[in-house]
Structures are given as structure tokens and as C-alpha cells.
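Q: I'm new to reading protein models and would like a close look at one part of this one. Could you walk me through it slowly?

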Amino acid sequence: MGVIRKWFYRVRLALLMYGFAWVIRVAGMINREFAARLAETDFAFIMGSKEDDTARYFQCANGRLRSGRQAIPRDFGLIWKDNQAGGRAMMDMLMGRPKALYRAVVNGVLLLEGDAKSIAWFMETVNRLNRVFRPKKKKVAHTEK
């Protein structure tokens, strides 16, 4: 893989991880149920790539999310196989595709490490995150002739 292509995938993944933090923050601001979900438990995790040092740390305390590149103690980790696959899966996740993280795990693109209970809670939280931004379907009244 060329140097420019490799750099592109690294930058794309870093920007997507940064954007993911903002999506969580905005969801907490506009949706009370999601804000309550974030306030249920404090957690800290790393999202990164096996390929290089592309990583972002996330910490949620009292329902407030902080994110940065500084290393912090964490409960679990989400580690992408490489920058390209991680970026592709994150795009799916941020586009609101249901079960994008689950598919990434099943397909071997995402490695989950750490406390299983925290990971399960987080996966469900991301699933709920998708529902915050997904438009609700309107019920159509059926008329009989």
C-alpha cells in the first residue's frame, strides 16, 4: 500500500473516532433517554488500530463524555484490525447502520478486549445511539374499500 493511501486511512480513522465522540455528546444533549443511559455507569475505553498508534481514549463520568489522545486507565478496548477496515466500519456505524459494530466483530475487523460486562453495556449503548438519529417511521392508516 502506498504511503499516501496509508496516511489517508490513518487520518480518516482518527477523524472518525473524533467525530464519534461528538456524535455521542450531541445525542446526549438532544435525547433524554440517551443522556440517562450515559449517566447509568462511568466507563473508560480506548478505540485504536493494531496497525499503528492511531488511538483515541474515551471517558464518561456522570453522563459527560471526554475524549482525547492522552492515555488513561480503561475498562475495555475496541481495537480495529487496521486503519482501512476500521474506517470502513466506523463509517457504517456513524451512518446509522444497525449492528455495524457487531458485524465488525463477527467479520474479524474489530477486537474487543477487557471487561465483558462493560463491553456488552457499551455495544447496547451504541445500538441505542443509532436510534437517536434514525427518523421515526410514520404509521400509515390503511383504508379499506
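What follows is a request about one helix, then a walk through that helix and its surroundings.

Q: Please take a close look at helix 1 (residues 3-30). Which residues of helix 1 and helix 3 make the contact between them, and where does the salt bridge of Arg-10 lead?

A: Sure, let's go through it. Keep in mind that this is a predicted model. To get your bearings, the chain has 5 helices and 5 strands, and from the N terminus on they come in the order α-α-β-β-β-β-α-α-β-α. The C-alpha atoms fill a box of roughly 65 × 35 × 25 Å along the principal axes.

Start with helix 3 (residues 83-94), whose axis comes within 9 Å of the axis of helix 1, with a crossing of roughly 30°. Angles under 35 degrees count as roughly parallel, so helix 1 is roughly parallel to helix 3. The crossing of these two is left-handed. On the helix 1 side, the contact is made by Tyr-9, Arg-10, Arg-12, Leu-13, Leu-16, Met-17, Phe-20 and Val-23. Helix 3 brings Asn-83, Gln-84, Gly-86, Gly-87, Arg-88, Met-90, Met-91, Met-93 and Leu-94. Sort that contact by class and you get 10 nonpolar, 4 polar and 3 charged residues.

Now look at helix 2 (residues 32-39). Its axis and that of helix 1 come within 5 Å and cross at roughly 120°, and the two helices are therefore oblique to each other. This crossing is left-handed too. Here Ile-24, Ala-27, Gly-28 and Ile-30 of helix 1 meet Arg-32, Phe-34, Ala-35 and Leu-38 of helix 2. By class, that makes 6 nonpolar, 1 polar and 1 charged residues.

Arg-10 deserves a second look. Besides its place in the contact with helix 3, Arg-10 forms a salt bridge with Asp-52, at 3.7 Å from N to O. Asp-52 sits in the loop between strand 1 and strand 2 (55-61), while Arg-10 is in helix 1, so the pair links parts of the chain that are 42 residues apart. Side chains of opposite charge can pair when their charged atoms come close. In the whole structure, a search finds 6 salt bridges.

That loop takes us over to the strands. They make an open sheet of 5 strands in the order 3-2-1-4-5, with mixed pairing. Strand 3 (64-68) and strand 5 (110-114) are at the edges with a single partner each, so one side of each has no neighbour in the sheet. On average, neighbouring strands are turned by 15° against each other, direction ignored.

On one side of the loop is strand 1 (residues 43-49), which runs parallel to strand 4 (residues 76-80) and is joined to it by 5 bridges. Met-47 stands opposite Leu-78 of strand 4. On the other side, strand 2 runs antiparallel to strand 3, again with 5 bridges, and Cys-60 has Leu-65 in strand 3 as its bridge partner. Strand 2 and strand 3 form a hairpin with 2 residues between them, and Asn-62 in the turn has a positive phi of about 55°. Finally, helix 5 (residues 116-133) lies across strand 1, strand 4 and strand 5, at about 130° to strand 5.

Key
Residues numbered from 1 in each chain as written. Predicted model: local features only at pLDDT ≥ 70, side-chain atom pairs only at ≥ 80, totals over all residues. Heavy atoms only, no water. Axes fitted to C-alpha atoms, helices over the stretch in contact; angles between N-to-C directions. Helix = DSSP H or I, 4+ residues; strand = E, 2+ residues; numbered from the N terminus. Parallel < 35°, antiparallel > 145°, perpendicular 65-115°, else oblique. Left-handed = near helix turned anticlockwise from the far one by under 90°. Contact = heavy atoms within 4.5 Å. Nonpolar A, V, L, I, M, F, W, Y, C, P; charged D, E, K, R; others polar. Pairing = 2+ DSSP bridges. Salt bridge = Lys/Arg side-chain N within 4 Å of Asp/Glu carboxyl O.
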